[in-house]
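Student: I have a model open and would like to talk through how it is put together. Could you take my questions one by one?

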Amino acid sequence: MIGTGLTPEGINQNYVIYDLMTESAWRTVPSNLTEWFVNYTTRRYGRKDQYVIEAWQLLKVSKCYEQTNLSNL
């Protein structure tokens, strides 16, 4: 692989998707999204917080992320 690229208009400026997509390019197997979102919240907020983790788990299955088809990553 030489590099990766994203079309920002295609992901509607959704920063969590930027993070997931750029990381996915280097994976050989699909991400465990439950685990990935736990790790994402720790990276984003600097520590583990159960309320934040639960909130992102809810967002992951909400209408907000339904259009991104996260299950294919």
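Tutor: Gladly, and let's keep in mind that this is a predicted model. One residue makes a good warm-up: T22 has a relative accessibility of 37%.

Student: Is T22 buried, partly exposed or exposed at that value?

Tutor: Buried requires under 20% relative accessible area, and exposed requires over 50%. The value for T22 is 37%, so the class is partly exposed.

Student: Which helix holds T22, and how far apart are the C-alpha atoms of T22 and T4?

Tutor: T22 belongs to helix α1. Along the chain, T4 and T22 are 18 residues apart. In space, their C-alpha atoms are separated by 7.3 Å.

Student: Let me step back to the whole chain. Which pattern does the protein chain follow along the sequence?

Tutor: The protein chain has four helices and zero strands. Read from start to end, the pattern is therefore made of helices alone: α-α-α-α.

Student: What percentage of the residues in the protein chain is buried?

Tutor: The count runs over the 73 residues of the protein chain. A residue enters the buried group when its relative accessible area is under 20%. The buried share is 26%.

Student: And what part of the exposed surface do carbon and sulfur atoms supply?

Tutor: The protein chain exposes about 5300 Å². Of that area, carbon and sulfur atoms supply 55%.

Student: Now the interior. Which helix gives the largest share of the largest nonpolar core?

Tutor: That core has eight residues: V16, I17, L20, L33, W36, F37, Y40 and W56. Both α1 (15–24) and α2 (33–45) supply at least two residues of the core. The largest share is four residues, and the helix they come from is α2.

Student: Why do the buried residues of α1 sit on the same side of the helix?

Tutor: The buried residues of α1 are V16, I17, L20 and S24. They lie on the same side of α1 because the arc they cover around the axis is only 95°. In general, an α-helix has 3.6 residues a turn, so residues three or four places apart point the same way. For α1, the value to remember is the arc of 95°.

Student: At what angle do α1 and α2 pack?

Tutor: The crossing of these two helices is right-handed. The contact involves Y15, V16, D19, L20 and E23 of α1, together with L33, W36, F37, Y40 and R43 of α2. Their axes are 12 Å apart, and the packing angle is about 115°.

Student: Between those two helices, is S31 buried or exposed?

Tutor: S31 sits in the loop between α1 and α2. Its C-alpha atom is 8.8 Å from that of L20, a residue 11 places away along the chain. The relative accessibility of S31 is 11%, below the 20% cut-off, so S31 is buried.

Student: Let's move to α3. Within what arc do its buried residues fall?

Tutor: In α3, I53, W56, Q57 and K60 are buried. Y51 and L58 are exposed on the other side of the helix. Seen down the axis, the buried group lines one face, because these residues fall within an arc of 105°.

Student: Which residues does Q57 touch, leaving out those up to four places away in sequence?

Tutor: Q57 is part of helix α3, residues 50–60. With a relative accessible area of 17%, Q57 is buried. Beyond its sequence neighbours, the residues Q57 touches are T34, F37 and V38.

Student: One last residue: is A55 buried, partly exposed or exposed?

Tutor: A55 is also placed in helix α3. C-alpha to C-alpha, A55 is 9.7 Å from T41, with their positions 14 residues apart in sequence numbering. The relative accessibility of A55 is 36%, so its class is partly exposed.

How values were computed. Residues are numbered from 1 along each chain as its sequence is written. This is a predicted model: local features need pLDDT of at least 70, side-chain atom pairs count only at pLDDT 80 or more; totals for chains, interfaces and linings use all residues. Side-chain values use heavy atoms; hydrogens and water are left out. A nonpolar core is a set of buried Ala, Val, Leu, Ile, Met, Phe, Trp, Tyr and Cys residues joined through side-chain atoms within 4.5 Å. Buried means under 20% relative accessible area, exposed over 50%, partly exposed in between (1.4 Å probe, protein chains only). Accessible areas come from the Shrake-Rupley method with a 1.4 Å probe; for residues, only the protein chains shown count as cover. The arc is that of the directions from the helix axis to the C-beta atoms. Axes are lines fitted to C-alpha atoms, for helices over the stretch in contact, and angles run from 0 to 180 degrees between N-to-C directions. A crossing is left-handed if the near helix is turned anticlockwise from the far one by less than a right angle, and right-handed if clockwise. Contact means heavy atoms within 4.5 Å.
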